[in-house]
Amino acid sequence: MKGLVDSVNLSKSGKSYQVQIGGQGYFAKLDSKLDQALGKTIDFSVDPSEYKGKVVNWVKEWDIDRALTLPTPSAPTPTPAPMPAPMPAAYALPRDRWYMPFISNTVAHAITAGLVKDSPSLAQWATAAYRAAMQIENAFLNRTTPKADSFDSGEPDF
């Protein structure tokens, strides 16, 4: 079969391509490199297979059809807009909430260990985890070593 490759997109799962060739829908494996044929006429063979009660057509083999390849129009390359200078991370507002997974994991481990039994103790663990994260962030920004006193006692600093 011969046809013009209209579009090549990743499938929903990201494990294959969804391809439009001559207005018809096909699938292709990622290693087929069919994305390189976008806008070109190809000679291809199809392998039909059944998936969830439907027959889907897979592009099995393909090659660029040298006789029918239409020239692709070359559009002028747009000039990229100038990029503004990035603001230093210490002054950027609002700050990224990178610490949320850390707090969540810390509290989850405390719950699993049986150390959290009610809302006030949950709040204490979350607050302690937040303070630890902020102490580490400040040490990173200031390039200093975090104070060890809150970690050495074995008890959380509530």
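This is a short talk on the strands, the nonpolar cores and one helix of the structure shown above.

Hi everyone. Before we start, please keep in mind that this is a predicted model.

Let's begin with the strands. Find strand S4, residues 41-51, and then strand S1, residues 2-10. The two run antiparallel, and three bridges join them. If you'd like one pair to look for, take Lys2, whose bridge partner in S4 is Asp43.

S4 also has a partner in strand S5, residues 54-64. How many bridges join S4 to S5? There are ten, and these strands run antiparallel too. One pair to find here is Glu50, which stands opposite Val55 in S5. Between S4 and S5 there are two residues, and the strands form a hairpin. Have a look at Lys52 in that turn: its phi is positive, about 50 degrees.

Now for the nonpolar cores. In soluble globular proteins, nonpolar side chains tend to be buried together. The largest nonpolar core here has twelve residues, including Val5, Tyr17, Ile21, Leu34, Ile42, Phe44 and Val59. Which strands each supply at least two residues of this core? They are S1, S2 (16-21), S3 (24-29) and S4. The largest share, three residues, comes from S2.

Let's zoom in on one member of this core, Ile42. Setting aside neighbours within four places in sequence, Ile42 is in contact with a list of residues that includes Met1, Lys2, Val5, Ile21, Leu34, Ala37, Trp62 and Ile64. Apart from the largest core lies another, of six residues, among them Tyr99, Ile103, Ala129 and Met134.

That brings us to helix H2, residues 119-142. Here is a nice check you can do yourselves. At 1.5 Å a residue, the 24 residues of H2 should span 34 Å, and the end C-alpha atoms are 34 Å apart, so the two agree.

Which residues of H2 are buried? They are Ser121, Ala129, Ala132, Ala133, Met134, Glu137 and Ala139. To think about that pattern, remember that an α-helix has 3.6 residues a turn, so residues three or four places apart point the same way.

My last stop is Ala133, in H2. Its relative accessibility is 1%, and buried means under 20%, so Ala133 counts as buried. What does Ala133 touch, beyond its neighbours within four places in sequence? It is in contact with Trp98, Tyr99 and Phe102. Ala133 and Tyr99 are 34 residues apart along the chain, yet their C-alpha atoms are separated by 6.2 Å.

Thanks for listening!

Methods. Residues numbered from 1 in each chain as written. Predicted model: local features only at pLDDT ≥ 70, side-chain atom pairs only at ≥ 80, totals over all residues. Heavy atoms only, no water. Helix = DSSP H or I, 4+ residues; strand = E, 2+ residues; numbered from the N terminus. Expected span 1.5 Å × (residues − 1). Buried < 20%, exposed > 50% of the residue type's maximum accessible area, 1.4 Å probe, protein only. Pairing = 2+ DSSP bridges. Core = buried A, V, L, I, M, F, W, Y, C linked by side-chain atoms within 4.5 Å. Contact = heavy atoms within 4.5 Å.
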